[in-house]
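User: Hello! I am new to this structure and would like a friendly tour. Could you show it to me before we begin?

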Amino acid sequence: MSDFAVIWDWLAFAIRWTHVVTAICWIGSSFYFVALDLGLRKVPGLPVGAHGEEWQVHGGGFYHIQKYLVAPERMPEHLIWFKWESYMTWISGAALLMVTYWVGSELFLIDPAKMELAPWQAILISAGSLSIGWLIYTNMCKSKLGETPTLLMLILFVLLLVMGWAYNQVFTGRAVMLHLGAFTATIMTANVFFVIMPNQRIVVADLKAGRPADPKYGKIAKLRSTHNNYLTLPVVFLMLSNHYPLAFATEYNWVIAGLIFLMGVTIRHFFNTMHAGGGMRWWTWAVTTILFIIVMWLSTAPMFRQTLEEAEARVLTPTQQAMVDAPGWDDAYNAVMGRCSMCHAREPSFEGIHTAPKGVLLETPDDITRAAREIFIQAGVTNAMPPANVSFMETQERQAIVDWYRSLPRSFALN
């Protein structure tokens, strides 16, 4: 554990673990309550103010659930608020964004072929852009568009497409998909924090004070909750996409993301309609399948890649030049070129490999210095790469990578 890079990698793993667990809780409760809301039945004998009820069985017991559109006549002593699942998902996701993409900005965030940025500039764009969507979206909801939910969702879809295209003009493919997911997740969590929870608090305060509660607050909260429901599946896809270069390693990644948003709508429409008792809309599965086929086609469509000659001509940054000048560079460089570059190339020569795994390229000093920490972890400290050691990397070659990386100043450990 003496290597800071190893500690940092475990920190990223722990944050990712937290992020996944809290996301499961948030998504699970969101899907559950939408299905519950749509499945409520109006029956004789409901309490005053009750909109409907539902009986459920789980874990060997029966549950009797009733929903009040505004509030019950009497405030219950024990009231559970569903909010921390959302908050912790966003907080852990933001932490993961910082640990992976901000700290490792030279590898994961900045694409010099698109825009030459200093790390602080890329981080500023990353952080600032996440709030733009919420400001535009919430003002649209407060306008007359809020009275036409379908039109509002169409405009939101266009906004997401525009942001995906804009991200693709600046960041790496991985960062494009991740930031579009974070952009959308910020809207969803902000809905909970700035609208849904405050509106519920107003209703509770009115009830405690003996004032009649205004039903408009529940109506507004339900609109935002419905939007969150339709955005959930695309956000999950975008968060997983950085593991699949077919999704992010193409200039069409923002188009792919747009189609995934449409797939999220068709899938949720099927289940929401079913839970509401509207029958099985099987046509949605046909549309989803067609959209997915288009996604697969776009992932392999001809792309405008930077050539090897252009990559070799790229000028190294001062940090990269210092890494090249460090003791042991030549041995580490030769090990990577001999054992890794046949797969991690702009035109892979290894049989069966058509695209560099995870979009990581290891053909030039610029490529290798940008991926230094990942090489150290994947092929130096561990034997994760090459997978199953298919290129027969020798122990001394792995040690050469370790020795070179450890010779670097500690400040380089996160690059």
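User: How many helices and strands are in the chain?

Analyst: Happy to start there! This is a predicted model, in which local features need pLDDT of at least 70, side-chain atom pairs count only at pLDDT 80 or more, and totals for chains, interfaces and linings use all residues. Residues are numbered from 1 along each chain as its sequence is written, and side-chain values use heavy atoms, with hydrogens and water left out. Counting DSSP runs numbered from the N terminus (helices are H or I, at least four residues; strands are E, at least two), the chain has 16 helices and two strands.

User: In which helix is confidence highest?

Analyst: pLDDT is the predictor's confidence in each residue, from 0 to 100. The chain averages 89, and 97% of the residues score at least 70. Confidence is lowest in helix H11 (residues 308-312), at a mean of 81, and highest, at 96, in helix H13 (residues 329-339).

User: What percentage of the residues count as buried?

Analyst: Buried means under 20% relative accessible area, exposed over 50%, and partly exposed in between (1.4 Å probe, protein chains only). The C-alpha trace of the chain spans about 80 × 45 × 45 Å along its principal axes. Of its 415 residues, the buried share is 45%.

User: Do S1 and S2 pair in the parallel or antiparallel sense, and which residue of the hairpin takes a positive phi?

Analyst: Two strands pair if DSSP finds at least two bridges between them. Strand S1 (residues 50-58) and strand S2 (residues 61-68) have eight bridges, in the antiparallel sense. Along the pair, alanine 50 stands opposite tyrosine 68, and glutamine 56 stands opposite tyrosine 63. Two residues lie between the strands, and the one with a positive phi near 60 degrees is glycine 59.

User: Why does the span of helix H7 agree with its number of residues?

Analyst: The expected span of a helix is 1.5 Å times one less than its number of residues. Helix H7 (residues 216-240) has 25 residues, so it should span 36 Å. That agrees with the distance between its end C-alpha atoms, 37 Å.

User: Where in H7 does a kink lie?

Analyst: The bend at a residue is the angle between axes fitted to the seven residues ending there and the seven starting there. In H7 this gives a kink of about 40 degrees. The kink comes shortly before proline 234, at leucine 231.

User: Which helices cover the buried residues of H7?

Analyst: The buried residues of H7 include Arg224, His227, Leu231 and Pro234. Contact means heavy atoms within 4.5 Å. Among the elements covering these buried residues are H1 (4-38), H4 (119-142), H5 (149-168), H6 (173-209) and H9 (253-275).

User: Is methionine 280 buried or partly exposed, and which residues does it touch?

Analyst: Methionine 280 sits in the loop between H9 and helix H10 (283-299). Its relative accessible area is 44%, so methionine 280 is partly exposed. Not counting residues up to four places away in sequence, methionine 280 touches Phe270 and Met274.

User: Which residues does UniProt give for the feature "domain: Cytochrome c"?

Analyst: UniProt positions are given in the numbering used here, feature names are shortened, and annotations may be inferred rather than shown by experiment. In the model, the span is 48% helix and 0% strand, with its end C-alpha atoms 13 Å apart. The unreviewed entry places the feature at residues 324-409.
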